[in-house]
Structures are given as C-alpha cells and as structure tokens.
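Student: Could you take me through this one before I set anything up with it? I would like to talk about the sheets and then about how the chains meet.

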Amino acid sequence: MEEKEIITTPDEEQEYVINMGPQHPSTHGVLRLLVSLKGEKVKSIQPHVGYIHSGIEKMCESITYPQIIHLTDRMDYISAHINNEAVCLNVEKALEIDIPDRIKVIRTIMSELTRLQSHQLWWACFGMDLGGLTCFFYGLRDREKILDIFEETCGGRMIVSYNCPGGLMYDIHPNFQKRVKDFIKYFRKILPEYDQLLTGNVIFHERSRGIGKLTKEDAISFGVTGPTGRASGFSCDVRKHEPYSAYDRVQFKEILHTEGDTFARYIARIDEMWESMNIIEQLIDNIPEGPFAVKMKPVIKLPEGEYYQRVETARGELGVYIISDGNKNPYRVKFRSPNFSNLSVLNHIASGFKIADLVAIGGSLDLIIPDIDR
Amino acid sequence: MRSIINYLKEIIFGVWSLLKGMKVTGSYFFRPGTIVTQKYPSNRKDLVMFDRFKGEVVMPHNEKNEHKCTGCGICELNCPNGTIEIISKTIITEDGKKKKAIDKHIYRLSMCTFCALCVKTCPSNALAFSQKFEHAVFNRALLIKTLNKPGSQLMKGVE
C-alpha cells in the first residue's frame, strides 16, 4: 500500500477537527457536530444529522389521518401537543369543518401550557449547560406541576395524544381549571426566582452577552423562527400573524428583541413565559360550554388536493403539508420542522467564538434532535 | 483612576449578583420539602395514579368472568403499528346459530404507543386503560399479553 505523506507545515494554519457528539450532554440528543478548531476558537461547524431518523414522513403515507397524530408526538416531544394540533388543524381545514369554541379554547390553553413547560425545561437545561446545576432541579420541579395537569386530563405526561381530527380525545378533567389557576398563581411567584438565580448572575452574563450574534437579515435568510428568530428582531410569531384556534380572541405581545445574542434569546424565552401565563389567564375562566369533539366519519378521507397549516411551537414555526389523492391515507406528508432551520444557522453564528461558547449558543437555540431527524 | 473604580464596581456588582442567587438556594436549603417532587420508590404503597393515566390496555371482566369484546376487529384496524391481534373462532349459540367470537385478544405491550385509539374507537367499550406503570420484566415474551381471561365469555346483551 502506498504510504501517504503526512503534511507537516508548521507555517500554515492547521485545523484540529473534533467530534462533539453524537453522545454529548450539551447536544441534548444524538446530534453530531464536526467542529474544526484553531486553538480554542471554532473555525467551522458541520452538523451531521440523521442518527435517530425514524422515517415519520414515510410512515405517514401508510397510515390513516387519526393515526398520524400519535407519530407527531414523537417529533418534537417537548411540545407534543402543538404538533398534534398542527395536523388536526390541517385535516379540519381540508374537510372544512367548523370547530366549536370550546375545543379551540381548550386547545389554546393546552398549547400555552405546553409552551410553558417547554421553556421551563429549556431554562433548566440551559442553566445546566452553563454550569448551574441548581437550575435543572428548580426547572424540573415546576415543570412537574404542568405534567401533572397533562396527566390528569390527557392521560400522558409528555406524549399526550390529546387531539384528534375534529376535536379532543376526552373532555377536560373537572379539576383542570382549578389546577391551572393554582399553577399560574404559584408560577408567578416562582418566575422572579429564576431571574434572581440565573438572569442577574454575573458569570452567566459574561458567558452569554455578545455571544453568537444573529442579525435580522441572517435570521430571515436562514429561516430561523421562534424565540430564536424573535430575539434578532424577526417578527415571525404565527400566533400573531396568522391566528389559529383561539389566538385571535386574546391579547398578548409578540416578544421582540434586537440584540440577537445568546442573552437576548434567553430573555425572549423568559418573556414568553410571562406572555403564556397572560394568555392562559384570559381564557381559563371562560371556557365556553359545548361538545369536546365534532362527530366525524369513521374513515376520514380528505378531498384531493394540497393542504398546508402552520403553527407556532415552542421552538418556532411548524408547517404540516399534506397532499391527498382522495384515499384514507395521505399521498405525501411533509413537516417543516423549526429545529432543522434553527440548526442550520449554528455554523454561521458560532464560528469565531470559543468552543465553550458553542455549548452556550447551542443551548440557546433549544434544539430537539428527533424533530431535526424526523 | 476611573477604570479602577469601574473595575471595583464590576467586582462588587458581580459578588452581589452571586449573593442574590445564593439567597434563593439558601432559602431552599432550610425548607427542602418545597424542592422535592416525589419520593418515588418509597411512596409506592400509597401512590395513586390519575384515573385517565395510560398505563396499559386491559379488558375489564366482571365477576362471572365475562367481557364485552365481540371480536369485531375495529381496534386491530385502528392500531397504527399492529400492537393488537385478534384471533377469532366460530361458536354455536344455544339456539343453534353459528357466531363469531374471540379466541384470543393479543396485545403486545412492547409495541404499544399509547395513542388510545383502540380504547376510544371500541364500539362496545370492551377495552380500558389500567393505571399500572411498572412494566419491567426479565423476559421479553412476558410483554405479549392475552387480554381475555381463559374460559371467559361474552357478556349477555352485548352485540
């Protein structure tokens, strides 16, 4: 075998390539980042995705519409309810069904609870990534209260499967309203504690201010949505621009920041938690009476055509695109997942910073890997 | 001079911010009960799960060992990944007619995704969720369960 000549040219700039992941605690899943370093500085990042590709889009082609919903739970498992809602809204739009107000309001409350628990988990993990292990315990303690609400009403904790085309699987539990109100009261007291613990912390400031700047133009051209995009000033809240469910009847602010660094992304999510609580408080006392599901045909067949519905998950814009050929199975389903676009910006914003900052930047993007791989 | 003052200010504010965080953690140090979610293995005896909790699919039987499953196969059709398999048999009723009934209602817990479509679509409400959640076994074959009990029959009045 021919021997390869080892290049040793000390004058030239040399790269040192390391693998971050697939098993790395700060990638929050099986994401492999091929990081080229120069010294301690990141030169470029090449994400390798697909380690937990489960073929959800292909599987959708062989199952019926009500069965798709439980698969979307497994994509972005932290905001499972919102994923379910996206498919249901698309199917209902295609069938042109009028959904009663009760269903819309319950779906909105559930979505906002999902967003809250997602941001709580993110806060917990982000604190842990930056070395504050206490945050992890506090965040999960408060998340547990929301998961209890889910468990009581939906039967599942993370994988809720609460939506079905035409409404909800069950009516809300009699304790639901009381529990949600108790939680909001409790969490309004706890959230300032988060600020005292992490937001004001000087070490946290040093590690997040000015790190991983993303400009508005780049956010738009990379398709970065959700709190990550809004921290750069990109107004992309689907709840505001294209209201679905009951978002058109509540007052809330779209959180916009202009700095675009890691700290701005952090603050955007903390502010979103306050806004979510405002939305829930507006709706929880006046859930209209009515049925919890519309009577649907046993076999749901969509008319021939293409349908698209987008929703705002906790991480950004999720689009569900269904092509139907008139059968009970869809011809093609495509999910526009927010995390895939958010990951694409990582190379752009993290190159030039130190490798320890890569952990902070990756944490602030709040990536969920099964949503990228699908 | 100004830079030294700024430097000292930064240090003081930094220490102050750390102390503020320490105040939060310190207060929890003296009331540890508020930070614990559940002491799971030690509270197993009096742990009550919520009614709707999706533990595993069961087929409720009454005291006469009768169930409501007619063997229509709707749950099998609705199951997204073939968790449920119904093996039916033909029985002869008292008035001499041939009738379809279930022989075995096989449920593979290891494949179940807890989407609740089988329980929801069952026309005779024969299936339900139990609140059992400790599913760990040493042998994988034990996860394949037959839901109808041996010798069980269809409840009277259920068609």
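Tutor: What follows is a short walk through two sheets and one interface, and please keep in mind that this is a predicted model.

Student: Okay, what is the strand order in the sheet that has E1 in it, chain A?

Tutor: That is an open sheet of three strands in chain A, in the order E1-E2-E3, and the pairing is antiparallel. Strand E1 (16-20) and strand E3 (41-48) of chain A are the edge strands, each pairing on one side only, and the twist from one strand to the next averages 25 degrees.

Student: How many bridges hold E1 and E2 of chain A in register?

Tutor: There are five bridges between E1(A) and strand E2, residues 32-38 of chain A, in the antiparallel sense. If you want a point to check the register by eye, look at Val17(A), which stands opposite Ser36(A) in E2(A).

Student: And which helix lies across those strands?

Tutor: Helix H14 of chain A, residues 355-365, lies across E1, E2 and E3 of chain A, and its direction makes an angle of about 35 degrees with E1(A).

Student: Switching to the other sheet, E6-E7-E8 in chain A: why is one side of E6 and of E8 left without a neighbour?

Tutor: Strand E6 (305-312) and strand E8 (332-336) of chain A are at the edges and have a single partner strand each, so one side of each has no neighbour in the sheet. This sheet is also open, with three strands and antiparallel pairing, and its neighbouring strands are turned by 10 degrees against each other on average, direction ignored.

Student: What about the pairing of E6 with E7 there?

Tutor: E6(A) and strand E7, residues 317-324 of chain A, pair in the antiparallel sense over eight bridges, and within that pairing Glu306(A) stands opposite Ile323(A) in E7(A).

Student: Now the interface: how much area do chain A and chain B bury?

Tutor: The two chains, A and B, bury about 2600 Å² between them, with 60% of it on carbon and sulfur atoms. The contact takes 34 residues from chain A and 27 residues from chain B.

Student: How many salt bridges and polar contacts go with that?

Tutor: The count of salt bridges between chain A and chain B is zero, whereas 12 residue pairs are in polar contact, counting pairs with both residues at pLDDT 80 or more.

Student: Which elements of chain A touch chain B?

Tutor: Those giving two or more residues are helix H2 (65-72), helix H5 (133-154), helix H6 (176-199) and helix H7 (202-208) of chain A, and H5(A) gives the most, with nine residues. The residues on that side of chain A divide into 14 nonpolar, 11 polar and nine charged.

Technical notes:
Residues are numbered from 1 along each chain as its sequence is written. Chains are lettered from A and ligands numbered from 1 in the order in which they are written. This is a predicted model: local features need pLDDT of at least 70, side-chain atom pairs count only at pLDDT 80 or more; totals for chains, interfaces and linings use all residues. Side-chain values use heavy atoms; hydrogens and water are left out. Two strands pair if DSSP finds at least two bridges between them. Helices (H or I, at least four residues) and strands (E, at least two) are DSSP runs, numbered from the N terminus. Axes are lines fitted to C-alpha atoms, for helices over the stretch in contact, and angles run from 0 to 180 degrees between N-to-C directions. Contact means heavy atoms within 4.5 Å. Buried area is the accessible area (1.4 Å probe) that two parts lose on being put together, summed over both. A salt bridge is a side-chain nitrogen of Lys or Arg within 4 Å of a carboxyl oxygen of Asp or Glu. A polar contact is a pair of N or O atoms within 3.5 Å; within protein, one must be able to donate a hydrogen and the other to accept it, and residues adjacent in sequence count only if both atoms are side-chain atoms. Ala, Val, Leu, Ile, Met, Phe, Trp, Tyr, Cys and Pro count as nonpolar, Asp, Glu, Lys and Arg as charged, and the others, Gly among them, as polar.
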